[in-house]
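Hi,

Here is the structure I said I would pass on. Have a look at it first, and my notes follow underneath.

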Amino acid sequence: MSVGVDRSFNFCAGPAALPEAVLTQAREELLNWRQRGLSVMEMSHRSEEFVAIAEQAENSLRRLLDISDDYAVLFMQGGATMQFSAVPLNLLGGNGRADYVNTGQWSKKAIKEAARYADVKVVASSESTNFTTVPDFSGWECRADAAYCHYTPNETIGGVEFSFVPDLNVPLVADMSSTILSRPVDVSQFGLIYAGAQKNIGPAGLTVVIVRRDLLGNAHALTPSLLDYQFVADNDSMQNTPPTYSWYLAGLVFQWLLDRGGLKEQARTNEQKASALYDAIDNSSFYDNPVEPQSRSWMNVPFTLANPELDSLFLKKAEQRGLLNLKGHRSVGGMRASIYNAVEMEAVQALISFMYDFERECA
Ligand SMILES: *Cc1c(COP(=O)(O)O)cnc(C)c1O
C-alpha cells in the first residue's frame with residue numbers, strides 16, 4: 001500500500017516524513033530554481049535569491065506562530081542538542097542558576113549538559129511514574145532567582161506531552177523539537193523556544209531558535225561566536241554558511257502549513273489523528289500505551305504488544321503493508337508511531353487497520 005508515486009507511510013521519529021507536496025515542489029525546482037538556471041543548493045547564501053528565500057521562510061514562520069518583533073528568529077545548526085549548551089551559555093548570566101523540569105530522556109540530556117555550566121536544580125520530575133505523566137504544576141519548586149526554567153513540552157521517546165504552558169516569573173525555555181507547529185502556541189509566554197528541524201519543520205541540519213530580544217547580549221565570555229544568539233541575530237543567521245537547502249525546504253513547509261489554514265487547522269487534524277490511534281490502542285487488550293490520558297503526545301505514540309515476541313513479526317508485516325519505521329526507541333523497545341504534521345490521517349488509518357488485522361491473525 002503506498003501513496004503517490006511509490007511512497008510508503010513513514011512513522012519515523014526523526015528525521016521524519018515531509019509533506020509530499022513540498023517534496024514535489026522541491027523536485028520541480030531542483031535543477032532550475034525559478035528560471036535562474038541553478039539549484040538552491042548551488043546558490044551563494046549571500047545572493048539576492050537566497051536572501052529572499054531565507055527572509056520569506058522567516059516571515060512565514062512569524063505568521064504561523066504570530067511571532068512579534070520582540071523576538072528574534074534564528075536559523076542555526078547543531079540540532080537541538082547544541083542548544084542544550086547554547087541556552088545556558090547565553091542565558092545564565094549573574095548567579096548561574098537554572099531550573100529544569102525532568103519529564104524523560106530529552107529533559108535528562110538537557111539537564112546533563114546544562115550542569116556543565118550552571119547550578120542546575122531539577123524543580124519537578126515525573127521519574128516516580130516512570131515518565132508516564134507530566135509533573136503537577138502546583139508541586140514545582142522553582143527558584144525566584146533562576147535565570148530561566150527549561151522544560152520539554154513533548155518528550156519524543158516517552159510520548160508524553162504537556163497540556164499546559166507553565167506560568168512562571170522567570171523566562172521559560174522550551175525544547176519544542178517534536179511539537180513545534182503541531183498546534184498554536186502563544187510565543188509571548190516563552191523567553192526562548194528551540195527546535196531541531198527534522199521532526200516538524202524540514203530536513204535535518206537546521207535548528208530554529210525563537211528568543212526574546214531582551215534576553216540577548218548576556219552570553220558567557222567564552223561562548224563560541226556561532227552559539228552567541230546576539231551575534232547570530234546581528235548577522236541574520238548568515239555569520240557563516242547556513243544549511244541553505246534545509247532552510248529553503250523549511251520555508252516550503254511553512255508555506256504548506258499556511259496554505260492549509262495555519263496551525264489551528266493543523267491542530268484539529270493532529271488531534272483527530274492522535275485520538276483515532278489512542279482509541280484503537282485503548283479498545284484493544286493486545287496493544288497498550290502506558291501514558292496517562294491527559295499527558296499523551298499528539299506527535300509520538302509509543303505502544304507495546306501484549307506478547308513482545310511478536311514485535312519483529314509486527315514490524316515485518318507492517319513494512320509489507322507500506323508502514324515504515326514503527327520500531328520503538330532502542331531504550332524502551334516496543335513500537336512508536338510518530339504522527340507529525342506531514343503524516344496524514346490516511347496514514348494513521350492505514351496503521352490502525354493493520355494493527356486490527358495483525359491482532360486478529362497473530363495474537
Ligand atoms: C530529536 C530531539 C532532540 C535532539 O535533536 P538533535 O537535532 O538530534 O540534536 C532533542 N530534543 C527533543 C525533544 C527531540 O525530539
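**Cysteines first**

The sulfur of Cys149 has its closest cysteine sulfur in Cys142, 4.6 Å away, and that is too far for a bond. Before going on, please keep in mind that this is a predicted model. A disulfide, in general, is a covalent bond between the sulfur atoms of two cysteines. In this structure there are 0 disulfides. Cys142 is in none either, with the sulfur of Cys149 as its nearest cysteine sulfur at 4.6 Å; the cut-off for a disulfide is 2.5 Å. As for their surroundings, Cys149 is buried because its relative accessibility is 0%. Cys142 has 31% relative accessibility, so it counts as partly exposed.

**Around the ligand**

Which residues come closest to the ligand? They are Thr81, Thr156, Asp175, Gln198 and Lys199, out of 13 residues that surround it. Sorted by class, that shell has 8 polar, 3 nonpolar and 2 charged residues. Helix H3, which covers residues 79-91, gives the most to the shell, with 4 residues.

A few distances are worth a look on screen. A side-chain N or O atom of Thr156 is 2.4 Å from an oxygen atom of the ligand. Thr81 has a polar side-chain atom 2.5 Å from a ligand oxygen. With Ala80 the backbone takes part: one of its polar backbone atoms is 3.1 Å from an oxygen atom of the ligand. Taken alone, the ligand exposes 390 Å², and the protein buries 87% of that.

**Two buried strand residues**

Tyr194 is in strand S9 (residues 192-196). It is buried because its relative accessible area is 0%. Leaving aside neighbours within four places in sequence, Tyr194 has a long list of contacts, including Ala80, Asp175, His150, Phe84, Val87 and Val208. If you want a sense of scale, the C-alpha atoms of Tyr194 and Gly94 are 23 Å apart, with their positions 100 residues apart in sequence.

Val208 belongs to strand S10 (residues 207-212). At 1% relative accessibility, this residue counts as buried too. Besides Tyr194, Val208 touches Leu61, Leu74, Phe75, Ile193, Ala195 and Ile201, if residues up to four places away in sequence are not counted. Its C-alpha is 11 Å from that of Gln198, a residue 10 places away along the chain.

**A loop residue with polar contacts**

Is Asn200 buried or exposed? It sits in the loop between S9 and S10, and it is buried because its relative accessible area is 4%. Its side chain reaches the backbone oxygen of Ile180 at 3.0 Å. A polar atom of that side chain also lies 3.0 Å from the backbone nitrogen of Asn341. Among the other residues in contact with Asn200, apart from those within four places in sequence, are Ser177, Leu181, Val253, Met299 and Tyr340.

**Glu29 and Arg34**

Glu29 is part of helix H1 (residues 20-30), and with a relative accessible area of 12% it is buried. Its side chain makes a polar contact with the side chain of Arg34, at 3.5 Å. Not counting residues up to four places away in sequence, Glu29 touches Arg34 and Tyr248.

Arg34 itself lies in the loop between H1 and helix H2 (48-65). It is partly exposed because its relative accessible area is 44%. The backbone there is worth checking: phi of Arg34 is near 45°, a positive value in a residue other than glycine.

**Other backbone details**

Asn130 has a positive phi as well, about 55°, although it is not a glycine. You will find Asn130 in the loop between strand S4 (119-125) and strand S5 (149-151). At 61% relative accessibility, Asn130 counts as exposed.

Where is the cis peptide bond involving Pro15? It runs from Gly14 to Pro15, with omega near -10°. Pro15 is in the loop between strand S1 (9-10) and H1.

That's what I have for now. Happy browsing!

Notes. Residues numbered from 1 in each chain as written. Predicted model: local features only at pLDDT ≥ 70, side-chain atom pairs only at ≥ 80, totals over all residues. Heavy atoms only, no water. Near = heavy atom within 4 Å. Polar contact = N/O pair within 3.5 Å; in protein donor to acceptor, adjacent residues only side chain to side chain. Areas by Shrake-Rupley, 256 points an atom, 1.4 Å probe, with all protein chains shown as cover. Nonpolar A, V, L, I, M, F, W, Y, C, P; charged D, E, K, R; others polar. Buried < 20%, exposed > 50% of the residue type's maximum accessible area, 1.4 Å probe, protein only. Contact = heavy atoms within 4.5 Å.
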